[in-house]
Amino acid sequence: MPRIKISPLTLIWLITLIYLKPPYIPQMIIAVAMHEAGHLACAKALGIRVKSMTLSMLGARIRCESIPSYGKEFLLAAAGPLAGIALFVICYLFNKFHVSEFLLSTGAVSLALAIFNLLPLPSFDGGRMIFCAACSIFSLDKALKISNTLGFISIFLLWLLSVYLMLKIASGMAMFVFCSFFFLKRFIFSVKNREFERF
């Protein structure tokens with residue numbers, strides 16, 4: 001059984017969410033739990049021993065006892081979004097027999113989380129999948145350049161979208177803060193040291 005840790009910033013963020021009581025908190029919890037369960041189930045199926053799981057503001061960071069092969073890591077990264085899509089399909093099918101706003105919103109949140117995690121950002125599942133696929137074709141240096149370039153383009157486009165939303169409809173502040181934080185963390189501090197976060 002892997003140890004589950006929560007970073008201090010994430011704990012503060014969770015307490016803030018509970019205090020503010022925004023909509024869809026139960027649905028978000030279910031979607032995130034299903035996403036992480038997908039990763040853990042895949043790790044068990046592939047025979048990968050998980051040492052610990054740390055919950056952070058950018059999701060969960062899985063620590064394995066040994067670094068898996070790029071093929072296994074690709075499957076491990078894909079398992080989370082696939083689990084989220086599976087939850088969406090289940091909610092949709094159940095909703096056909098019993099119309100429920102809760103099921104509908106849970107499925108929608110789960111699908112949104114899966115799509116969001118498939119973005120080609122270095123700390124996201126999509127970024128890991130691209131990195132692993134690139135490593136199987138190119139050298140490590142080229143794979144890092146490809147992954148970081150796609151990640152930079154993605155976060156820059158999200159940042160532009162957040163600025164547009166703030167100017168057009170006075171919304172998108174949360175996305176703007178996220179993009180700024182992610183850009184500083186991944187493309188100023190990490191890339192400077194040629195790092196790429198692996199499982």
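**Figure 1. Helix 3 and helix 4 are roughly antiparallel to each other in this predicted model.** Helix 3 covers residues 70–97. The angle between helix 3 and helix 4 is about 160 degrees, and their axes lie 8 Å apart. Angles over 145 degrees count as roughly antiparallel, hence the description of this pair. The crossing of helix 3 and helix 4 is left-handed. On the helix 3 side, the contact is formed by Pro81, Gly84, Ile85, Leu87, Phe88, Cys91, Phe94 and Asn95. Helix 4 contributes Leu103, Leu104, Thr106, Gly107, Ala108, Ser110, Leu111, Ala114 and Asn117. By residue class, the contact of helix 3 with helix 4 has eleven nonpolar and six polar residues, and no charged ones.

**Figure 2. Asn95 is a buried residue of helix 3.** The relative accessible area of Asn95 is 12%. Because residues under 20% count as buried, Asn95 falls in that class. When neighbours within four places in sequence are left aside, Asn95 is in contact with Ser100, Leu103 and Leu104. Asn95 is also one of the helix 3 residues in the contact with helix 4, where Leu103 and Leu104 are among the partners from helix 4.

**Figure 3. Helix 2 crosses helix 4 obliquely.** Helix 2 spans residues 25–45 and helix 4 spans residues 101–117. Their axes come within 9 Å and cross at roughly 50 degrees, which makes helix 2 oblique to helix 4. The crossing of helix 2 and helix 4 is right-handed. From helix 2, the residues in contact are Pro26, Gln27, Met28, Ile30, Ala31, Val32 and His35. They meet Phe102, Ser105, Thr106, Val109, Ser110, Leu113 and Asn117 of helix 4. The residues of this contact comprise eight nonpolar and six polar, with no charged residue. Thr106, Ser110 and Asn117 of helix 4 take part in this contact, and Thr106, Ser110 and Asn117 also appear in the contact with helix 3.

**Figure 4. The largest nonpolar core has ten residues.** The members are Cys42, Ala43, Ile48, Val50, Met53, Ala60, Ile62, Cys64, Leu76 and Ala79. At least two residues of this core come from each of helix 2, strand 2 (50–56), strand 3 (59–64) and helix 3. Strand 3 gives the largest share, three residues. A second, separate core has five residues, among them Phe131, Ala134, Cys135 and Leu144.

**Figure 5. Ser69 sits in the loop between strand 3 and helix 3.** Ser69 is partly exposed, and its relative accessible area is 42%. Ser69 and Ser136 are 67 residues apart along the chain. The C-alpha atoms of Ser69 and Ser136 are separated by 10.0 Å.

**Figure 6. The protein chain contains seven helices and three strands.** Along the sequence, these elements follow the pattern β-α-α-β-β-α-α-α-α-α. The protein chain has 199 residues, of which 38% count as buried. Among contacts between residues at least 6 apart in sequence, 63% join residues at least 24 apart.

Definitions and conventions: Residues are numbered from 1 along each chain as its sequence is written. This is a predicted model: local features need pLDDT of at least 70, side-chain atom pairs count only at pLDDT 80 or more; totals for chains, interfaces and linings use all residues. Side-chain values use heavy atoms; hydrogens and water are left out. Axes are lines fitted to C-alpha atoms, for helices over the stretch in contact, and angles run from 0 to 180 degrees between N-to-C directions. Helices (H or I, at least four residues) and strands (E, at least two) are DSSP runs, numbered from the N terminus. Angles under 35 degrees count as roughly parallel, over 145 as roughly antiparallel, 65 to 115 as roughly perpendicular and the rest as oblique. A crossing is left-handed if the near helix is turned anticlockwise from the far one by less than a right angle, and right-handed if clockwise. Contact means heavy atoms within 4.5 Å. Ala, Val, Leu, Ile, Met, Phe, Trp, Tyr, Cys and Pro count as nonpolar, Asp, Glu, Lys and Arg as charged, and the others, Gly among them, as polar. A nonpolar core is a set of buried Ala, Val, Leu, Ile, Met, Phe, Trp, Tyr and Cys residues joined through side-chain atoms within 4.5 Å. Buried means under 20% relative accessible area, exposed over 50%, partly exposed in between (1.4 Å probe, protein chains only).
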